[in-house]
Number of protein chains: 2
Amino acid sequence: MKMTLEEIARLAGVSRSTVSRVINDDPNVNDTTRERVWQVVKANDFHPNTAARALAGRRSRVIGLVIPQALNAIFADPYFPLLIQGSAAACDERGYYLMLSLVLRQADDTFRWLIRARHMDGLLVASALAEDTFLTRLLDEHFPLVLVGRSPAHADITTVDVDNVHGASMAVRHLAQMGYSRIATITGPTNMVAALDRREGYLRGLQAMGIEASAGYMQAGDWSEGSGTQAMERLLRVTPRPDAVFVASDNMAVGALKAARAAGLRVPEDIAVVGFDDIGPAATAEPPLTTVRQPIDQLGYLAASTLIEQLESAPAAETDRAAQHIVLPTELVVRASCGQALRPAANYAAMQRVPSEGGVTYSQA
Amino acid sequence: MKMTLEEIARLAGVSRSTVSRVINDDPNVNDTTRERVWQVVKANDFHPNTAARALAGRRSRVIGLVIPQALNAIFADPYFPLLIQGSAAACDERGYYLMLSLVLRQADDTFRWLIRARHMDGLLVASALAEDTFLTRLLDEHFPLVLVGRSPAHADITTVDVDNVHGASMAVRHLAQMGYSRIATITGPTNMVAALDRREGYLRGLQAMGIEASAGYMQAGDWSEGSGTQAMERLLRVTPRPDAVFVASDNMAVGALKAARAAGLRVPEDIAVVGFDDIGPAATAEPPLTTVRQPIDQLGYLAASTLIEQLESAPAAETDRAAQHIVLPTELVVRASCGQALRPAANYAAMQRVPSEGGVTYSQA
DNA sequence: TGTGCGCGTGGGAGCGCTCCCAACGGCTAT
DNA sequence: ATAGCCGTTGGGAGCGCTCCCACGCGCACA
């Protein structure tokens, strides 16, 4: 038996409209009626037809997650699974569908297509690039979207990001406090905002501790383990040799660890290492990696929630209202690779976790 | 200006119906008319409203890809990105949308929901488990679906799979031909069909070469690199020590290589290794890994194409027709880890690639 | 000149919802 | 007693398509 609103209405002895109100949580329904209708809905395992809802209601309840990067790059990085998980959870909670938009065809085409066909109500864009023509294009279409990460070029768009600058700075200050003074860094690709922000944090951390920065102490990788190894090899050839390295991702840090070991250096006795991410391998690395934890799943969750909220509140095409900028705090997770274990235990306990001050920060653009 | 079929029709001086025929490639349209309508459609960048099409046409043109596994497991494995890529390409070509169904909520709920709400026309299920209650449930709903991989429990369902048995057998026979006789294997998790099939191929390969199998020579891993290392360590303690190992995945093979190196053994002089997958790390491993290549992207492509074909041809709910079983060939890619490089170059060239006989195999259930 | 047929085309009737307005008591305010 | 209002409810009018039937035309046939 094909179920429709009308059929449920008949069974419950009410009208189509009332059933519609019930399944949409409209408050204007008598409690007794509401209860009775719910009974019938559940008894028949009724689910309103998505297409009909979308057509009549002019919204599909589908939001897209766009990752403008090569697919293999996406999946190699543990960042995205977590981001997806978080966004999916938020969608699930609010009755939305999350659609991963794999950018296969010509980018322009894809989006005009998705947008024109009204297939999605809004977009989550996980653009990592500092310069993204994509984003510009989407903004031109006035399509509701939330950016995961920030975009220096567009202040007028709602973003959700982790506090990369502060996290990196924290890591560097911690190293300095441990007594290291020749602190180098391995950065991510310099066309990515997060990589630039972490480098900025590194520089600020040095400055805060009164340490002078040196160009030779900054080597770029591409987030991959291998690139971390290579960058580390380069750093080890610099004179004077660094005694500590802040690595902008755990993956690269693991690679750096290998390079140090291959060079016959002990970590953290000869050289300390701090990573960024706090993903799986960090805790089991040899030695366990001190790292800056970023709440990636929360990032996804918040991004999706924010977008949905925006969609539900927007009276019309009034999408271009004040952009929100949400920044999530990062946290320093101290393990062995930063040399703290070499110090008194009392001190260790006190500094085990250094949360970034501020917590969730909301600000208006 | 909000574009609709009607509006395009007006601009092209024809009726709504004719425009509909044009955008749906209906042959019953005069070529001149068709051309004129296309012009207008393109000039206005018109895309038919998805919801309206879905409602009127009773199909959404969305197919789901379900991977009933933990999300991190999905993404850690390079198998899935490729599968997704292939499926997405097929969907793209035929005007379908691919929706990744992240199984977050209670499995039962999710599917009843997706199915009842008519949100998807069909499902691609990448179930790896030998016993999957999920699948049973979906079959009970008579929902159109194609299984990626095979399911020993359900012969009545269309499947697309690679020839794991033959691939594994090929690898083992190759090792035997290279002169190795104490051939061990590292299998995948024994509750997964692909792992069982590869083990079966291992056994058949031994049998074909007149080598007796021994239980001690079979160690299970979980596809991860670490588990490969551990399984290899176990194998190296067996007496007599194996002189060759067929490893059921490249990831595990890389781990096995590390264990061998750690034990002071040379590969392939002291012990040969052959992997399975031919993913990125295989070619760059030390030594380069001889492996069985499986065309994962083709697998995805074919699975999606098959499902779409089934959807478009099915006159009605007549989904339960003869199930197809498509099997894709695997191919042995010879590199250094199998010891062939130790032999005369002439021989090497001749055996560089040993494709499985048969190519694509279609059979009716 | 009439009949039959196929091609190309137009328009009606929905698909299953949401949105909006009207209607119906039962109240309180005048 | 009459007007006005609120909490509930019902039903009409679409949303933008697809599907199907009917219509008009030119042609070959008798």
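Colleague: How far does a phosphate oxygen of DNA strand D lie from an N or O atom in the side chain of Arg53(B)?
Modeller: This is a predicted model, in which local features need pLDDT of at least 70 and side-chain atom pairs count only at pLDDT 80 or more, while totals for chains, interfaces and linings use all residues. Residues are numbered from 1 along each chain as its sequence is written, chains are lettered from A and ligands numbered from 1 in written order, and side-chain values use heavy atoms, with hydrogens and water left out. A polar contact is a pair of N or O atoms within 3.5 Å (within protein, one atom must be able to donate a hydrogen and the other to accept it, and residues adjacent in sequence count only if both atoms are side-chain atoms). For the phosphate oxygen of DNA strand D and the side chain of Arg53(B), the separation is 3.1 Å.

Colleague: Which residue has a side-chain N or O atom 2.7 Å from a base oxygen of DNA strand D?
Modeller: Chain A also reaches a phosphate oxygen of this strand, through a polar backbone atom of Asn30(A) at 3.0 Å. The base oxygen at 2.7 Å, by contrast, is approached by the side chain of Arg21(A).

Colleague: How many residues surround DNA strand D?
Modeller: A residue is near a strand if one of its heavy atoms lies within 4 Å of it, and by that rule the closest to DNA strand D are Ser17(A), Thr33(A), Leu5(B), Arg16(B) and Ser20(B). Of the strand's own atoms within 4 Å of the protein, 55% belong to sugar or phosphate and the rest to bases. The number of residues around DNA strand D is 28.

Colleague: Which residue places a polar side-chain atom 2.5 Å from a phosphate oxygen of DNA strand C?
Modeller: Chain B contributes Arg16(B), with a polar side-chain atom 2.8 Å from a base oxygen of DNA strand C, and Thr18(B), with one 2.9 Å from a phosphate oxygen. The phosphate oxygen at 2.5 Å is paired with the side chain of Ser20(A).

Colleague: Which helices of chain A and chain B each supply at least two residues of the surface near DNA strand C?
Modeller: Helices are DSSP runs of H or I with at least four residues, and strands are E runs of at least two, numbered from the N terminus. In both chain A and chain B, the elements meeting this condition are helix 2 (16-23) and helix 4.

Colleague: How large is the area buried between chain B and chain A?
Modeller: Contact, meaning heavy atoms within 4.5 Å, joins 35 residues of chain B to 35 residues of chain A. Buried area is the accessible area (1.4 Å probe) that two parts lose on being put together, summed over both. Carbon and sulfur atoms give 68% of the area between these chains, which is about 3,300 Å².

Colleague: Which element gives the largest share of the side of chain B that touches chain A?
Modeller: Elements giving two or more residues to this side include helix 5 (71-76), strand 2 (97-101) and helix 7 (107-116) of chain B. The largest share, six residues, comes from helix 6 of chain B.

Colleague: Which kind of rotation axis relates the two copies?
Modeller: After least-squares superposition on the C-alpha atoms of residues with pLDDT of at least 70 in both copies, chain B can be laid on chain A with an RMSD of 0.1 Å by a turn of 180° and a shift of 0.1 Å along the axis. The two copies are therefore related as by a rotation axis that is two-fold.
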